[in-house]
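Grab a viewer and a pencil. Here is a short set of exercises, each with a worked solution.

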Amino acid sequence: MAKKKGFMTPERKKKLRTLLRKKAAEELKKEQERKAEERLRVIAERCGTKPILTTLPQMSSRRSASNTSTSGTDLREKCSSFSARLSSVTSRSTSLPSLSVT
């Protein structure tokens, strides 16, 4: 009687191991992506979404001088309005009477 070969030959075992490794790597990658999305969702929930800011003009030879000066003027106006708001808030907070608990 001839001895029957086993079902799992070394080649089949090797192929099965490589397939299992690939599947595990895919699952790990999906899990990392899911965790990253969850992290971003929680951050957005707790802190709110990031405001979309206009980008500062880049100095390049392609842009015209008038285009950069108008955006620079806009930036100066925004900074001055922010500074005015900040100074009014700080002056109000310092003018409030301090409450002492006794």
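The exercises below go from the whole chain down to single side-chain contacts.

**Before you start**

This is a predicted model, where local features need pLDDT of at least 70, side-chain atom pairs count only at pLDDT 80 or more, and totals for chains, interfaces and linings use all residues. Residues are numbered from 1 along each chain as its sequence is written, and side-chain values use heavy atoms, with hydrogens and water left out.

**Exercise 1. Take stock of the chain: its secondary structure, burial and surface.**

Step 1: list the elements. The chain has 2 helices and 0 strands, taken as DSSP runs (helices: H or I, at least four residues; strands: E, at least two) numbered from the N terminus.

Step 2: check burial. Out of 102 residues, 2% are buried; the cut-offs on relative accessible area are under 20% for buried, over 50% for exposed and partly exposed in between (1.4 Å probe, protein chains only).

Step 3: get the area. About 10,500 Å² is exposed, and 59% of that comes from carbon and sulfur atoms. The method is Shrake-Rupley with a 1.4 Å probe, and for residues only the protein chains shown count as cover.

**Exercise 2. Compare the span of H1 with its expected span, then look at what follows H1.**

Step 1: H1 covers residues 10-47, which is 38 residues.

Step 2: the expected span is 1.5 Å times one less than the number of residues, and for H1 that comes to 56 Å.

Step 3: from first C-alpha to last, H1 reaches 55 Å, close to the expected value.

Step 4: just after H1 you hit glycine 48, with a positive phi of about 90°.

**Exercise 3. Work out the salt bridges and place them along H1.**

Step 1: apply the rule, a side-chain nitrogen of Lys or Arg within 4 Å of a carboxyl oxygen of Asp or Glu. That gives 4 salt bridges in the structure.

Step 2: go through pairs, including these.

- Lysine 23 and glutamate 27: closest N and O atoms 3.7 Å apart, 4 residues apart in H1.
- Glutamate 31 and arginine 34: closest N and O atoms 2.6 Å apart, 3 residues apart in H1.
- Arginine 41 and glutamate 45: N to O at 2.9 Å, 4 residues apart in H1.

Step 3: bring in helix geometry. An α-helix has 3.6 residues a turn, so residues three or four places apart point the same way.

Step 4: check for links between bridges. Glu38, Arg41 and Glu45 form a network of salt bridges.

Step 5: add accessibility. Lysine 23 is partly exposed at 45%, and glutamate 27 is partly exposed at 39%. Glutamate 31 is partly exposed at 32%, as is arginine 34 at 44%. Arginine 41 is partly exposed at 42%, while glutamate 45 counts as exposed at 59%.

**Exercise 4. Find the ring contacts and the nonpolar patch that includes Phe7.**

Step 1: try ring pairs. With centres within 6.5 Å required for Phe, Tyr and Trp (its six-membered ring), and planes sorted as stacked (under 30 degrees), edge-to-face (over 60) or tilted (the rest), you get 0 aromatic pairs.

Step 2: try charges over rings, meaning NZ of Lys or CZ of Arg within 6 Å of the ring centre and within 35 degrees of the ring normal. Arginine 12 sits over the face of phenylalanine 7, 4.6 Å from the ring centre.

Step 3: build the patch. Members need over 30% relative accessible area and no salt bridge; like charges are joined within 9 Å, nonpolar side chains (Val, Leu, Ile, Met, Phe, Trp, Tyr) within 5 Å. Phe7, Met8, Leu16 and Leu20 make a nonpolar surface patch of about 420 Å².

Step 4: zoom in on one member. Methionine 8 is in the segment before H1 and counts as partly exposed, at 35%.
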